[in-house]
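Please open the model in a viewer and keep the selection tool at hand. The stops below are to be taken in order.

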Amino acid sequence: MQQTQRFKRVATARRKKCFWEKTEPDHDSVSLTGRRSKSVTVKSSKPEISSVPISGPSFERMTVMPPEFFQIDALDLAPRLLGKFLRRDDVVLRITEVEAYRPNDSACHGRFGITARTAPVFGPGGHAYVYLCYGLHKMLNVVADKEGVGAAVLIRSCAPVSGLKTIQQRRGLLTEKPVLLTGPGKVGQALGISTEWSNHPLYTPGGLEILDGPEPEKILIGPRVGIEYALPEHVNALWRFAIAGIPWISAPKNTLRPS
């Protein structure tokens, strides 16, 4: 399939790096269950990510994205979600990696038509669609486009902004490293959501919401992950998007390239 150029190219103006873009030195981390992990943690002398004053007045002034923001083609919505914030209770995450799933897409759940499981995908853009993967992982999707279309954007990875201790408790992993949130199941676990959150409007204050955030300087694109069952043109479609230059991206990274 020919590479899409639908998404907006981001500005290239230089800016100071945010804390979630910095790479930390490697140390062993400990899971909250007492097992050793291959992830890493930060020495106690370092400031915690949760110490960033994200809950201050500047954050409170940030806008909850309106319904019309979401009611566009999933392929246009996906890159526009990068840099936006997900908030639930004290947890705030910055969206760093997404995948678009469109109507007539052999990898989209909408291909099954409207069922008890997939009905939220056919709702109006701006609602949540949460499904279970392997009966275990809660996968958060943002429904896109108009009602009845059947499209969504999967949130693959995020970076922690606030509520680090809550995230670590929910994940059962004591680390501040990318392993904490690089993968869609990890994002769902960190937010503490279940399939009952499907149909929740993400544009209403309270509960689970998406807030406006800074546009990334550069974006990476590549094929989506784990859809080998789909048609070749959909397997090869460059509908995966990630913020360039940061470690908060899931594997495989070698299939991503600059847009």
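**Strand 9 and its partner**

Begin by selecting strand 9, residues 208-211, which is covered on both faces. Leu208 and Ile210 lie on one side, Glu209 and Leu211 lie on the other, and all four are buried. Please bear in mind throughout that this is a predicted model.

Next, add strand 3, residues 85-88, to the selection. Strand 3 and strand 9 run antiparallel and are joined by 4 bridges. To see one of these pairings, select Arg88, whose bridge partner in strand 9 is Leu208.

**The whole chain**

Now display the entire protein chain, which has 259 residues, 53% of them buried. The chain contains 6 helices and 12 strands. Of the contacts between residues at least 6 apart in sequence, 67% join residues at least 24 apart.

**Helix 4 against helix 5**

Select helix 4 (residues 164-171) together with helix 5 (residues 184-191). Their axes come within 8 Å of each other and cross at roughly 115°. The crossing is right-handed. On the side of helix 4, the contact is made by Ile167, Arg170 and Arg171; helix 5 contributes Lys186, Gln189, Ala190 and Leu191.

Keep helix 4 alone for a moment. Its buried residues are Leu164, Thr166, Ile167, Gln168 and Arg171. Among the elements that cover these buried residues are strand 4 (91-101), strand 7 (151-162), strand 8 (173-174) and helix 5. After helix 4 comes Gly172, which has a positive phi, near 65°.

Then turn to helix 5. How many of its 8 residues are buried? The number is 6 of the 8, so helix 5 is largely enclosed by the rest of the structure. The buried residues are Pro184, Gly185, Val187, Gly188, Ala190 and Leu191. Their cover includes strand 3, strand 4, strand 6 (137-144), strand 7, helix 4 and strand 9. The strand visited at the outset, strand 9, is thus part of what covers helix 5. Just after helix 5, Gly192 has a positive phi of about 70°.

**The loop that leads back to strand 9**

Select Asn199, which is found in the loop between helix 5 and strand 9. Is Asn199 buried or partly exposed? Its relative accessibility is 45%, so Asn199 counts as partly exposed. Now add Pro120, which is 79 residues away from Asn199 along the chain, although the two C-alpha atoms are separated by 5.6 Å. Leaving aside residues up to four places away in sequence, Asn199 touches Pro120, His127 and Ala128.

**Aromatic rings**

For the last stops, show the side chains of the aromatic residues. A search of the whole structure finds 2 aromatic pairs. One of them is formed by Phe69 and Phe70, which meet edge-to-face, with 5.1 Å from centre to centre and 85° between the planes. Both Phe69 and Phe70 are buried.

The other pair consists of Tyr129 and Tyr131: the ring centres are 5.5 Å apart and the planes lie at 35°, so this pair is tilted. Tyr129 is buried, at a relative accessible area of 2%. Tyr131 also counts as buried, with 14% relative accessibility.

Finally, select Tyr101 and Arg224. The charged end of Arg224 sits over the ring of Tyr101, at 4.6 Å from the ring's centre.

Terms used:
Residues are numbered from 1 along each chain as its sequence is written. This is a predicted model: local features need pLDDT of at least 70, side-chain atom pairs count only at pLDDT 80 or more; totals for chains, interfaces and linings use all residues. Side-chain values use heavy atoms; hydrogens and water are left out. Buried means under 20% relative accessible area, exposed over 50%, partly exposed in between (1.4 Å probe, protein chains only). Helices (H or I, at least four residues) and strands (E, at least two) are DSSP runs, numbered from the N terminus. Two strands pair if DSSP finds at least two bridges between them. Rings of Phe, Tyr and Trp (its six-membered ring) pair if their centres lie within 6.5 Å; planes under 30 degrees apart count as stacked, over 60 as edge-to-face and the rest as tilted. A charge sits over a ring if NZ of Lys or CZ of Arg is within 6 Å of the ring centre and within 35 degrees of the ring normal. Axes are lines fitted to C-alpha atoms, for helices over the stretch in contact, and angles run from 0 to 180 degrees between N-to-C directions. A crossing is left-handed if the near helix is turned anticlockwise from the far one by less than a right angle, and right-handed if clockwise. Contact means heavy atoms within 4.5 Å.
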